[in-house]
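Let's walk through this one together. We'll look at charged pairs, cysteines, a helix and some strands.

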Amino acid sequence: MTKKILLVCGAGASSGFVAAAARKAAKKGGFDFEIKAKSESELNDDLDTTDLLLVAPHLKYMIDEVKDVCTEKGVKYGIIPQKIYGSLDGKGLVEFAEEVLKEGN
């Protein structure tokens, strides 16, 4: 079953680059992930159909709000490590997403 992953950042641009790299890595690695990127202002728009919400590291100040919304909707969440985000490491993001999906929060 396809896991739907949503990445959010300030305007959606930088997370879009990370998402594009992650889509390539997921396809290459055989992961059944659908990866989208949005701005933080669109955060609630797709949560009902999202399995995992990943927040850009520069938005970690929002994690309490994210935690509340995600817990309410049964969505897993995490903050993308700066090293992965800053280097547009698609493979690293896919591996991080897989870890978060396997653990509970």
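## Ground rules

Relative accessible area sorts residues into three bins: buried means under 20%, exposed means over 50%, and partly exposed is whatever falls in between. Lys36, with a relative accessible area of 38%, is therefore partly exposed. Keep in mind that this is a predicted model.

## Salt bridges

Lys36 is a handy place to start, since this residue forms a salt bridge with Glu34, with the closest N and O atoms 3.9 Å apart. The cut-off for such a pair is 4 Å. Glu34 comes out as partly exposed too, at 30% relative accessibility. As for the general idea, side chains of opposite charge can pair when their charged atoms come close.

How many salt bridges does a search of the whole structure find? The count is five. Another of them joins the side chains of Asp46 and Lys38, at 2.8 Å from N to O. Asp46 has a relative accessible area of 17%, so this residue is buried. Then there's the bridge between the side chains of Lys73 and Asp48, at 3.0 Å from N to O. That pair ties together distant parts of the chain, 25 residues apart: Lys73 belongs to helix H2 (residues 63–73), while Asp48 sits in the loop between strand S2 (33–39) and strand S3 (52–55). Is each partner buried or exposed? Lys73 is partly exposed, at 35% relative accessibility, whereas Asp48 is exposed, with a relative accessible area of 64%.

## Cysteines without a bond

On to sulfur. The structure holds zero disulfides. Why does Cys9 have no such bond? The closest cysteine sulfur, in Cys70, is 16 Å from the sulfur of Cys9, and that's too far for a bond. The cut-off for a disulfide is 2.5 Å between the two sulfur atoms. Seen from the other end, Cys70 finds its closest cysteine sulfur in Cys9, again at 16 Å and too far for a bond.

Both residues are tucked away by the accessibility numbers: Cys9 counts as buried at 2% relative accessibility, and Cys70 counts as buried at 0%.

## Helix H4 and what covers it

Helix H4 takes in residues 90–102, which makes 13 residues. From its first C-alpha to its last, H4 reaches 18 Å, close to the 18 Å expected at 1.5 Å a residue. At the N-terminal end, Asp89 acts as a cap for H4, with a side-chain oxygen 3.3 Å from the backbone nitrogen of Lys91.

Which residues in H4 are buried? They are Gly90, Gly92, Leu93, Val94, Phe96, Ala97, Val100 and Leu101. The elements that cover these buried residues include strand S1 (3–9), helix H1 (13–29), S2, S3, strand S4 (76–79) and helix H3 (82–86).

## Strand S3 and its partners

S3, one of the elements covering the buried part of H4, has cover on both of its own faces. Leu52 and Leu54 lie on one side, Leu53 and Val55 on the other, and all of them are buried.

How do its partners line up? S1 and S3 pair in the parallel sense over four bridges, with Leu7 standing opposite Leu54 in S3. S3 and S4 also pair in the parallel sense, over four bridges, and there Leu52 stands opposite Lys76 in S4.

Definitions and conventions:
Residues are numbered from 1 along each chain as its sequence is written. This is a predicted model: local features need pLDDT of at least 70, side-chain atom pairs count only at pLDDT 80 or more; totals for chains, interfaces and linings use all residues. Side-chain values use heavy atoms; hydrogens and water are left out. Buried means under 20% relative accessible area, exposed over 50%, partly exposed in between (1.4 Å probe, protein chains only). Helices (H or I, at least four residues) and strands (E, at least two) are DSSP runs, numbered from the N terminus. The expected span of a helix is 1.5 Å times one less than its number of residues. Contact means heavy atoms within 4.5 Å. A polar contact is a pair of N or O atoms within 3.5 Å; within protein, one must be able to donate a hydrogen and the other to accept it, and residues adjacent in sequence count only if both atoms are side-chain atoms. Two strands pair if DSSP finds at least two bridges between them.
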